[in-house]
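Open the model in your viewer and set the chains in separate colours. We will take the tour one selection at a time.

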Amino acid sequence: MSDVMTGRAHVYPRADINTDEIIPARYLMVDDEAELARHAMEDIDPGFGSKVQPGDFVVAGANFGCGSSREHALWALRGAGVAAVIADSYSRIFLRNAINNGYLALEVPGIAAAVTDGARLEVRPTEGLVRDLDTGRDHRFAQLPDFAVEIRRHGHLLDYLRAREAAGESR
Amino acid sequence: MPGMTITEKVLAAHSGNDRVELGQLIEAELDLVLCHEITTPAAISMLERRGMDRVFDPAKIVAVPDHFVPNKDIQAAALASRLRDWVKRHGIDRYFEVGRNGIAHVLIAEEGFVVPGSTIVAGDSHTCNAGAFGCFATGVGSTDLAAAIYAGRLWFRVPGSMRITLTGELQAGVYPKDVILEVIRRIGVDGANSLAMEWVGPALEEWSMEDRMTLTNMAIEAGAKTGVIAADETTRAYLAERGVTGYPEYRSDPDAVYLSEEEVDLDSLEPVVAFPHLPSNGRPVGEGKGIRIDQAYIGSCTNARLSDLREAAAVMRGRKVAPGVRMIVVPATSRIWRQAMREGLWDIFSEAGAVVANASCGACLGGYMGVVGEGEVCLSSTNRNFVGRMGHPKSEVYLASPATVAASAITGEITDPRPFVEAARRVRAA
């Protein structure tokens, strides 16, 4: 996996931050990440787009990404420079979308209550660790399953499929 | 070894396994890949960029523009064109153009494309709707859709199942929508996270396919991977009418293991309204008394089928939409539109002062055809009421059955439909 990532936490402690909030449907006609990024979290935090710095993290409560299957939600966050999402738990489709994009959606129960908005975090993917540099506390997350690591290595599910096909494996 | 659930059986059959275990990673062959104009263009772009512009089997694709059509603006036109061009390029026959289209999930059932024992994916979270036919149907994002289009198979973790047993009988004015809102109220919007919500019970035998689809349609609102109801005589009859025969009918084994159980006694169920801003925020309809509404919306893949329109029309017959209220009726498919017209339903709604629109997803997701403004309240037969779902972030959406929406359109406030439904039945019986 990748090196240590460092950035600031943008904390949304509420449960059920849903895909309508992450990227409203009125922007679904766009698939350009930079464009989507400008509208990320618009209806619940209009300042999000301008305050996020590349490499920052979104920290959220349980069931993050619930609602629609729109992958635009992921693209909007990634386009805004969010390096990883760290949440108490995820809704299934959002988690799938993250895995398929080699994007880190880390599950750390209790994280939303433990981290202050604006805190500096260090994410160590290979160690399964989120270190809160402000409090000094470490939070552990379960390792990504092997197939997710494989997809991440190739970058994207389609790249993984293409590589597998080229290697002569149909399954 | 314990028996398998219906979901496990379908996935085992599609992954070359005799058995599958909970949590097992599999690759399942896909029988149907459903594509609409919002999430497919991005999937097409992903494939083109990688020199992977291929369709594994055009005969297993169905393409339907349904969200922002007839084109709501220039960007929507571009999306619809992208889908149309791709369909033409790859020789996909099952493409349903505007005027012959409808909300994808309702259309595929109506056309007889949903077959028991099959696997279905679409780039849309309400794909679970099809599970009412005893298949495995789940919603995915654009990347998964692209992989499905390209390879005709997708990775899955075998889900656990939640069993919901329905006993008793729905009372007049209480509907499948009330049942699903009640269950989501109990378990929460992640109460079935990653599970298959499997519905069983003697009550279901009396339910039409349309009734059943309302239950499986909203499985996603509890965080479920899918909703499923085993096929039976009703399913067979529905499919036979459409010339569809010769499919496997899986059922859960009596000793299959369920991760959780719920039971709903329909005899005592009252109409439910989900208050803003979560589908799980269900309350008895009586708690809505006094809450004035600006818009009454009947639409979406959840509740704009023919039976929904008939129930709403029965309430509206001879009555008027309250002053200050806009009522909008958006049927789910072009076929439903025509049948409703033949049955005189459009006269009823129009005479009452409601708008009758073309088949579309419409305002369910704040697209068009009744976007809700700042400070406005909409009571809707749709499936989600998150902040900003149907329009302005400072608008409010309440979810209910079509009959509840119709009764509320008449009074101008959230209203129990039962007196209206009972009155309508007395009139018909007279």
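Which residue of chain A forms a salt bridge with B:R50? Select B:R50 and look across to A:D159: these two make the bridge, with their closest N and O atoms 2.7 Å apart. Keep in mind that this is a predicted model. The rule finds five salt bridges across the interface of chain A and chain B, and the count of residue pairs in polar contact between these chains is 20.

Next, colour the helices of chain A. On the side that touches chain B, the elements giving two or more residues are α1 (19-22), α4 (72-79), α5 (92-100), α7 (146-154) and α8 (157-166). Of these, α8(A) gives the most, with seven residues. By class, this side of chain A has 15 nonpolar, 12 polar and 15 charged residues.

Now select the whole contact, which takes 42 residues from chain A and 51 residues from chain B. The area buried between the two chains is about 3,800 Å², and carbon and sulfur atoms give 55% of that. Highlight A:M29, A:R92 and A:R96: they supply 20% of the area that chain A buries against chain B, more than any other three residues.

For the last stop, turn to the enclosed spaces. How many cavities of 30 Å³ or more are there? The count comes to four, and the largest cavity holds about 250 Å³ of space. Select B:H67, B:D124, B:H126, B:L365 and B:R389, which lie nearest the centre of the largest cavity among its 24 lining residues. That lining divides into seven nonpolar, 12 polar and five charged residues.

Note on methods:
Residues numbered from 1 in each chain as written. Chains lettered and ligands numbered in written order. Predicted model: local features only at pLDDT ≥ 70, side-chain atom pairs only at ≥ 80, totals over all residues. Heavy atoms only, no water. Contact = heavy atoms within 4.5 Å. Buried area = accessible area lost by both parts, 1.4 Å probe. Salt bridge = Lys/Arg side-chain N within 4 Å of Asp/Glu carboxyl O. Polar contact = N/O pair within 3.5 Å; in protein donor to acceptor, adjacent residues only side chain to side chain. Helix = DSSP H or I, 4+ residues; strand = E, 2+ residues; numbered from the N terminus. Nonpolar A, V, L, I, M, F, W, Y, C, P; charged D, E, K, R; others polar. 1 Å grid on protein atoms, 1.4 Å probe; cavity = no way out; pocket = protein on both sides within 12 Å on 5 of 7 lines; lining within 4 Å. Points joined across faces, edges and corners; volume = space filled by probe spheres on them.
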